[in-house]
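Q: Could you take me through one part of this structure up close, and then show me how it fits into the rest of the chain?

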Amino acid sequence: MFRQLKNIDTAFQHIKTFTIMVVIGSSLLCCFTVYQAFNMVLTAQERIYLLANDKALEAFSAERKDNIPVEARDHVKMFHHYFFTLDPDEKVIESNINKALGLADNSAANQFSDLKEAGYYTGIISGSVSQTIYMDSAVIDTSIYPFSFRYHGTQKVIRSTSVVTRKLTTEGRLRNVNRSDLNPHGFLIERWKVIENRDIDINKR
């Protein structure tokens, strides 16, 4: 009889040990599953898919600091593009200048006012002049805030009788502002000034 009870007690201990191991194993598996699911959610949140030409393209999120040099360079490039790309059309001039002035402070607005008072834009319209600009380089110093920059570009001024090539050098600095549709990079150009703007070639047409 005592031997039978002892066997029952041993069996109970085995069952108890087995049950504890199953519970611990289930708990570990549950924790691992939750951890993996959490990681998958975080990974999914970092992915952005863009639809282009009926194809889904994956984009990756990144810290703003990782993209500052690229975004700053493009901001400077687009400002100069809008400010110096002109056609003999008052609406085109007004549209481009407004876009440029949305990327800079009063230093750019003052330059525009001086050119307007000097009859520069009137001369473009009356002389059927087209003007384009190409960025050669834009050096951004991101080691000190606000970020200073120096821009080098080549202008093409197309007149009815000639094509003038000019070298343009400007400088200024960038400070952070809120992003918007008119200012997608979230920078504002300050203390902008033209350092050099000279003819380097003239070709007759």
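A: Let's start with asparagine 106, which is found in helix H4 (residues 106–117); helices here are DSSP runs of H or I with at least four residues, strands are runs of E with at least two, and both are numbered from the N terminus. Asparagine 106 counts as exposed because its relative accessibility is 57%; exposed means over 50% relative accessible area, buried means under 20%, and partly exposed is in between, using a 1.4 Å probe and protein chains only. Now look across to arginine 191: the two residues are 85 apart in sequence, yet their C-alpha atoms are 8.2 Å apart in space.

A quick word on the ground rules. This is a predicted model, where local features need pLDDT of at least 70 and side-chain atom pairs count only at pLDDT 80 or more, while totals for chains, interfaces and linings use all residues. Residues are numbered from 1 along each chain as its sequence is written, and side-chain values use heavy atoms, with hydrogens and water left out.

Zooming out, the protein chain has 5 helices and 6 strands, and along the sequence they follow the pattern α-β-β-α-α-α-α-β-β-β-β. Of its 205 residues, 24% count as buried. Contacts (heavy atoms within 4.5 Å) tell you about the fold too: among those between residues at least 6 apart in sequence, 60% join residues at least 24 apart.

For a strand example, try E3 (residues 130–141) and E4 (residues 147–158), which run antiparallel and are joined by 11 bridges. They form a hairpin with 5 residues between them, and isoleucine 133 stands opposite glutamine 155 in E4.

Technical notes
Pairing = 2+ DSSP bridges.
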